[in-house]
Amino acid sequence: MKTYAALILAAGRGSRFGSEVPKQYADLSGRPVITHAMTALSDHPRITHIQPVIHPDDTEAFSNAVGYLDVSMPVFGGQTRQESVHLGLEALVTLKPDFVLIHDGARPNVSKSTIDRVIEALEHGAKGAIPGIGISDTLKRLGEHAEIIETISRTKIVRAQTPQGFHFQSLLDAHRQGKALSLTDDSAIMEHSGETVIVVDGDEDNIKITEAEDLNRISETMLETRTGIGFDVHRFGPGGGIKLGGIMIPMDKALIGHSDADVVLHAATDAILGAIGDADIGFHFPPSNNKYADADSKKFMLFAMERLKAYSGSLIHLDLTIICEHPKITPHRHEIRRSIACTANVTPSRISVKATTTEGLGFTGRGEGIACQAVATVKSLALDDHPHSETITSK
Ligand code: CTP
Ligand code: MG
């Protein structure tokens, strides 16, 4: 099987981005931009070796960004992108992979399928393959004073992205011979040495961060829609009212629990935690801890919302079904909805409260307690570890 290595280029200064921290180390949803880029390449099953190319001023920023990722010691890049690539390739000489993928460290949202297409073209015999995107707008060439000089045909024109994949030895030879040239990407240097480079489909979301606003644009594209489910039950005991969704409902009984026994907020909290894969209410607020005795369950829901926010997330919709014979929920539906919406800091249109009986069957039918089911739909990042676990109080 052919072997694949990847160069992650991060030796640029990001002058157009214009911040003190170079753009590849800017925070993107809780992680440096370059960490997203390295993760995407190192997660690919065919890529077995990652070689970062960094600027000497960034050694500390890089070691913070690399975290637990399995990548090689970085090498230092040069004055131009071309020089940086050449230095990175020389660092791979002893490894001598069959192919090398060159990827911009400032391009954090490359999908597995884009990498697959590049690799597939190389497997089918191409010496070079790059992802490209067609252009739908009409192209104009301008003169000195922004006046149009000509209209350029957009057919057969693409915007080149990365990762750009090449036969390793051919690209190394081209770089060694083309030192005097100044070319902006690697396919240009291969084209110059007479090799054919194939263009495969790129991806609009594979944005290279260039200007500051690109960071916001990309944060949006990295969010995904996720669903979580929650379920809770509390039994009745003596008392004079119950809490449901944060409001007090008068009754000749109470719900029994370690906290205020708000079965609705408990189910809702678990649904939100479930959507981000972040354990459950009992893990974060153990009943064995007396601190949570009689706690207001709004606190649990606020906690889940904080965790969601740490994943750059937001609540799209929460659908609740309260299961009981008594009390009747309909007269309280709007107030419960508004109360939960207020706690979650969303509009009531994002909260749905339904109720059902179980036709006299089971523990709810016998009036022994109340159950609640919840389904939360959220937009959030899919991260393997929690980005701010140290700064959010839990446990
Ligand atoms: N790059 C590099 N070495 C250089 C110049 C650029 O490794 N001497 C890398 C950048 O870090 C980036 C990629 O090449 O990941 C694409 O370059 P570009 O977007 O132009 O980044 P910068 O050169 O950093 O930005 P600017 O041109 O705005 O200064
Ligand atoms: Mg540049």
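Which residues of the largest nonpolar core touch the most other members? Among its 47 residues, these are Leu244, Leu315, Leu318 and Leu320. The structure is a predicted model, in which local features need pLDDT of at least 70 and side-chain atom pairs count only at pLDDT 80 or more, while totals for chains, interfaces and linings use all residues. Residues are numbered from 1 along each chain as its sequence is written, chains are lettered from A and ligands numbered from 1 in the order in which they are written, and side-chain values use heavy atoms, with hydrogens and water left out.

A nonpolar core is a set of buried Ala, Val, Leu, Ile, Met, Phe, Trp, Tyr and Cys residues joined through side-chain atoms within 4.5 Å; buried means under 20% relative accessible area, exposed over 50%, and partly exposed in between, for a 1.4 Å probe and protein chains only. In soluble globular proteins, nonpolar side chains tend to be buried together. Several elements each supply at least two residues of the 47-residue core, including strand 14 (242-244), helix 10 (298-310), strand 17 (314-323) and strand 19 (369-380). Helix 8 gives the most to this core, namely nine residues. Helices (H or I, at least four residues) and strands (E, at least two) are DSSP runs, numbered from the N terminus. Apart from this core lies another, of 27 residues, among them Tyr4, Ile47, Val110 and Val200. Beyond its neighbours within four places in sequence, Leu244 is in contact with residues including Ile249, Val263, Ile336 and Ile370, where contact means heavy atoms within 4.5 Å.

Charged pairs come next. A salt bridge is a side-chain nitrogen of Lys or Arg within 4 Å of a carboxyl oxygen of Asp or Glu, and the whole structure holds 18 of them. In one, Glu90 pairs with Arg176, with the closest N and O atoms 2.8 Å apart. Because Glu90 lies in helix 3 and Arg176 in helix 5 (residues 168-177), the pair ties together parts that are 86 residues apart in sequence. Glu90 is partly exposed, at 31% relative accessible area, and Arg176 is partly exposed, at 41%. Another salt bridge joins Glu368 to Arg366 (2.7 Å, N to O); Glu368 is partly exposed at 38%, whereas Arg366 counts as exposed at 55%. A network of salt bridges links Arg81, Asp104, Arg107 and Asp186.

Arg81 and Asp186 also help to line the largest cavity, together with Gln82, His175, Leu183, Thr184, Asp185 and Ile189. On a 1 Å grid over the protein atoms alone, a cavity is a set of points where a 1.4 Å probe fits but cannot get out, and a pocket is an open set with protein on both sides within 12 Å along at least five of seven lines; lining residues have an atom within 4 Å of a point. Grid points are joined across faces, edges and corners, and a volume is the space filled by probe spheres set on the points. The largest cavity holds about 40 Å³, and helix 3 (81-91) and helix 6 (186-192) each supply at least two residues of its lining.

Arg81 appears again in the largest pocket, of about 660 Å³: of the 29 lining residues, Gly12, Arg16, Lys23, Arg81 and Lys208 are the closest to its centre. The second largest pocket has a volume of about 500 Å³. Its lining has 22 residues, of which His36, Ala40, Asn109, Met222 and Ala382 lie nearest its centre.
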